[in-house]
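Me: Could you take a close look at one helix-helix contact in this protein and walk me through it? Some context on the whole chain first would help.

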Amino acid sequence: MKKNKKLNISISELIEIAWCDKTSFDDIRRQIGLNESQVKKIMKSNLKPRSYKVWRERVRWIKEKHKNNRISLFKE
């Protein structure tokens with residue numbers, strides 16, 4: 001299990017957190033200290049190309065879903 005030298009978390013733990021539908025990039029930044037581009041870079045270098053593509057599609061869908069939910073909350 002590889003550890004990130006700057007963080008006290010393994011790569012596999014970060015991947016697990018990033019795959020979770022309920023975890024946003026803001027949550028990861030607050031908990032672990034990595035921004036969106038850093039997480040993407042780690043995911044891309046540690047996942048198979050197809051797995052990375054699937055993860056990115058999920059992330060885009062989830063971001064859009066959360067964005068739409070926030071907009072609908074303000075309209076009510």
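Reply: Starting with the whole chain: of the 76 residues of the protein, 28% count as buried, meaning under 20% relative accessible area with a 1.4 Å probe and protein chains only. Keep in mind that this is a predicted model, where local features need pLDDT of at least 70, side-chain atom pairs count only at pLDDT 80 or more, and totals for chains, interfaces and linings use all residues. Residues are numbered from 1 along each chain as its sequence is written, and side-chain values use heavy atoms, with hydrogens and water left out.

The protein has 4 helices and 0 strands, taken as DSSP runs (H or I, at least four residues, for helices; E, at least two, for strands) numbered from the N terminus.

Now the contact itself. The axes of α1 (residues 11-19) and α3 (residues 36-46) come within 11 Å and cross at roughly 115°; axes are lines fitted to C-alpha atoms over the stretch in contact, with angles from 0 to 180 degrees between N-to-C directions. That makes α1 roughly perpendicular to α3, a label for angles of 65 to 115 degrees.

On the α1 side, Ile11, Leu14, Ile15, Ala18 and Trp19 meet Val39, Ile42, Met43 and Asn46 of α3, where contact means heavy atoms within 4.5 Å. Those residues split into 8 nonpolar, 1 polar and no charged.

Just one more spot: serine 10 sits in the segment before α1. Serine 10 is buried, with a relative accessible area of 0%. Its side chain makes a polar contact of 3.1 Å with that of serine 12, that is, a pair of N or O atoms within 3.5 Å, one able to donate a hydrogen and the other to accept it.

Definitions and conventions
Parallel < 35°, antiparallel > 145°, perpendicular 65-115°, else oblique. Nonpolar A, V, L, I, M, F, W, Y, C, P; charged D, E, K, R; others polar. Buried < 20%, exposed > 50% of the residue type's maximum accessible area, 1.4 Å probe, protein only.
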